[in-house]
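Biologist: Hi! Could you walk me through this one before I head back to the bench?

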Amino acid sequence: MKFFIDTANLDEIREANNMGILDGVTTNPSLMAKENIFGKLEVNKHYKQICNIVNGPVSAEVLATDFKGMVAEGELLADLHDNIVVKVPMTGDGIKAIRYFSDRKIRTNCTLVFSAGQALLAAKAGASYVSPFLGRLDDISADGIGLIAQIRRIYSNYEFPTKILAASVRHPMHIVDCAEIGADVMTAPLKAIKQLLNHPLTDKGLEQFLKDAKQL
Ligand code: G3P
């Protein structure tokens with residue numbers, strides 16, 4: 001399973017990249033706003049900086065909601081850097097835009113996916129990635145991991161090339177569950193990725209080894 005980091009924070013992206021486990025980055029307008037990146041020029045400059053850190057796909061979201069606007073914005077974003085994947089929301093116009101980009105070999109990430117039917121449409125339109133938001137489903141007492149498993153079965157039935165990018169991942173067990181059911185990619189905050197390191201028996205074992213090593 002590929003590991004993407006879900007942030008627009010350059011320090012966190014560098015830290016994850018330096019761990020040697022990072023395969024890509026996802027951003028969204030909320031994450032950009034959190035870093036105080038405003039205005040087209042600043043936003044584009046920031047995307048380029050991210051692309052220069054990570055050797056992998058970087059999702060950049062269109063802000064337009066109509067087909068023409070999405071196409072115009074997406075083409076500009078795709079021109080910024082080879083790593084850019086155009087992130088498009090799951091709407092009727094979004095699906096049309098994904099088909100347009102797919103026909104022109106521009107990679108897309110269909111975002112805000114909350115049902116298997118939506119994921120099926122995204123794959124039919126030729127999305128490179130589909131992003132089911134598992135944490136937000138869990139937030140409303142729905143089954144986020146169950147949705148990813150369902151999409152996995154559907155895509156496998158028909159050998160759709162669209163990659164399942166599990167998003168809205170909140171904690172380390174989400175990451176492990178995604179790997180177990182065969183998500184192609186998961187994107188998570190740095191904190192959740194680093195939490196995978198932790199086990200009290202590792203700490204205890206290391207403490208004992210270091211204590212015993214003093215006798216050598
Ligand atoms: O990748 C989508 C993600 O940013 C949404 O996460 O935690 O806001 O639901 P969250």
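**Ligand site and a helix pair**

Modeller: Happy to! An oxygen atom of the ligand is 2.7 Å from an N or O atom in the side chain of serine 168, which fits the cut-off for a polar contact, a pair of N or O atoms within 3.5 Å. This is a predicted model, where local features need pLDDT of at least 70, side-chain atom pairs count only at pLDDT 80 or more, and totals for chains, interfaces and linings use all residues. Residues are numbered from 1 along each chain as its sequence is written, and side-chain values use heavy atoms, with hydrogens and water left out.

Biologist: Which residues surround the ligand?

Modeller: Asp6, Asn28, Phe133, Arg136, Ala167, Ser168, Arg170 and Thr187, counting a residue if one of its heavy atoms lies within 4 Å.

Biologist: And how far is the side chain of arginine 170 from an oxygen atom of the ligand?

Modeller: An N or O atom of the arginine 170 side chain is 2.8 Å from a ligand oxygen. For asparagine 28, a polar side-chain atom lies 2.9 Å from an oxygen atom of the ligand.

Biologist: Switching topic: at what angle do α5 and α6 cross?

Modeller: Helix α5 (residues 92–103) and helix α6 (residues 116–125) cross at roughly 30°, and their axes come within 8 Å; axes are lines fitted to C-alpha atoms over the stretch in contact, with angles from 0 to 180 degrees between N-to-C directions. Helices are DSSP runs (H or I, at least four residues), numbered from the N terminus. That makes α5 roughly parallel to α6 (angles under 35 degrees).

Note on methods. A polar contact is a pair of N or O atoms within 3.5 Å; within protein, one must be able to donate a hydrogen and the other to accept it, and residues adjacent in sequence count only if both atoms are side-chain atoms. Helices (H or I, at least four residues) and strands (E, at least two) are DSSP runs, numbered from the N terminus. Angles under 35 degrees count as roughly parallel, over 145 as roughly antiparallel, 65 to 115 as roughly perpendicular and the rest as oblique.
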